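Ever wondered how to start reading a protein model without getting lost? Let's take it piece by piece, with the picture to hand.

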Amino acid sequence: MSAISSAAAAPARPSMLGGLLRLLRVWGDALATYWVRREAIKTLRQLDDRALRDIGLSRCQIETAVTGDFDLELLRIR
């Protein structure tokens, strides 16, 4: 008959500190992404309409293009 130690049978629980650190990292990443996107939008809004047209955007598409929701297939000229 073999003995099983209680340490081996204990369920693994994530530590609260580890979970808190992951949450803080996720929030920090989200905040950094927000700041970068806001800065990109600000920069694109400073361009004139001709410069925007040269890169394939109109003024009303700036935020959509920066967030990545821009569908190039819809704009392709056939």
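What follows is a short tour of the salt bridges and of one surface patch.

First, keep in mind that this is a predicted model. Side chains of opposite charge can pair when their charged atoms come close. How many salt bridges does the structure hold? The count is three, and here they are with their N to O distances:

| Salt bridge | N to O distance |
|---|---|
| Arg-38 and Glu-63 | 3.9 Å |
| Arg-45 and Glu-63 | 2.6 Å |
| Arg-59 and Asp-49 | 3.0 Å |

Let's begin with Glu-63, which sits in helix H4 and pairs with Arg-45 in helix H2, so this salt bridge ties together parts that are 18 residues apart in sequence. Glu-63 also meets Arg-38 in a salt bridge. Arg-38 lies in helix H2 while Glu-63 lies in helix H4, so that pair ties together parts 25 residues apart in sequence.

Are these side chains tucked away? Glu-63 has a relative accessible area of 37%, so it counts as partly exposed. Arg-38 is partly exposed as well, at 32%, and Arg-45 gets that label at 46%.

Now over to Arg-59. Where is Arg-59 placed? You'll find Arg-59 in the loop between helix H3 (49-54) and helix H4 (62-67). Its salt-bridge partner is Asp-49. This pair links distant parts of the chain, with Asp-49 in helix H3 and Arg-59 in the H3 to H4 loop, 10 residues apart. Their C-alpha atoms are separated by 7.0 Å, and the two side chains make a polar contact at 3.0 Å. Arg-59 is partly exposed, with a relative accessible area of 38%, and Asp-49 is partly exposed too, at 46%. Step back for a moment: salt bridges with shared partners join Arg-38, Arg-45 and Glu-63 into one network.

Arg-59 has other neighbours as well. Leaving out residues up to four places away in sequence, Arg-59 touches Leu-44, Arg-45, Leu-47, Asp-48, Asp-49 and Leu-52. So Arg-45, one of the residues that Arg-59 touches, is also a salt-bridge partner of Glu-63.

Finally, let's leave the charges behind. Which residues make the nonpolar surface patch? The patch is made by Leu-17, Leu-20, Leu-21, Leu-23, Leu-24, Val-26 and Trp-27, and it covers about 720 Å². Val-26, one of these patch residues, is found in helix H2, which runs over residues 16-45.

How values were computed
Residues are numbered from 1 along each chain as its sequence is written. This is a predicted model: local features need pLDDT of at least 70, side-chain atom pairs count only at pLDDT 80 or more; totals for chains, interfaces and linings use all residues. Side-chain values use heavy atoms; hydrogens and water are left out. Patches are made of residues with over 30% relative accessible area and no salt bridge: like charges are joined within 9 Å, nonpolar side chains (Val, Leu, Ile, Met, Phe, Trp, Tyr) within 5 Å. Accessible areas come from the Shrake-Rupley method with a 1.4 Å probe; for residues, only the protein chains shown count as cover. A salt bridge is a side-chain nitrogen of Lys or Arg within 4 Å of a carboxyl oxygen of Asp or Glu. Helices (H or I, at least four residues) and strands (E, at least two) are DSSP runs, numbered from the N terminus. Contact means heavy atoms within 4.5 Å. A polar contact is a pair of N or O atoms within 3.5 Å; within protein, one must be able to donate a hydrogen and the other to accept it, and residues adjacent in sequence count only if both atoms are side-chain atoms. Buried means under 20% relative accessible area, exposed over 50%, partly exposed in between (1.4 Å probe, protein chains only).
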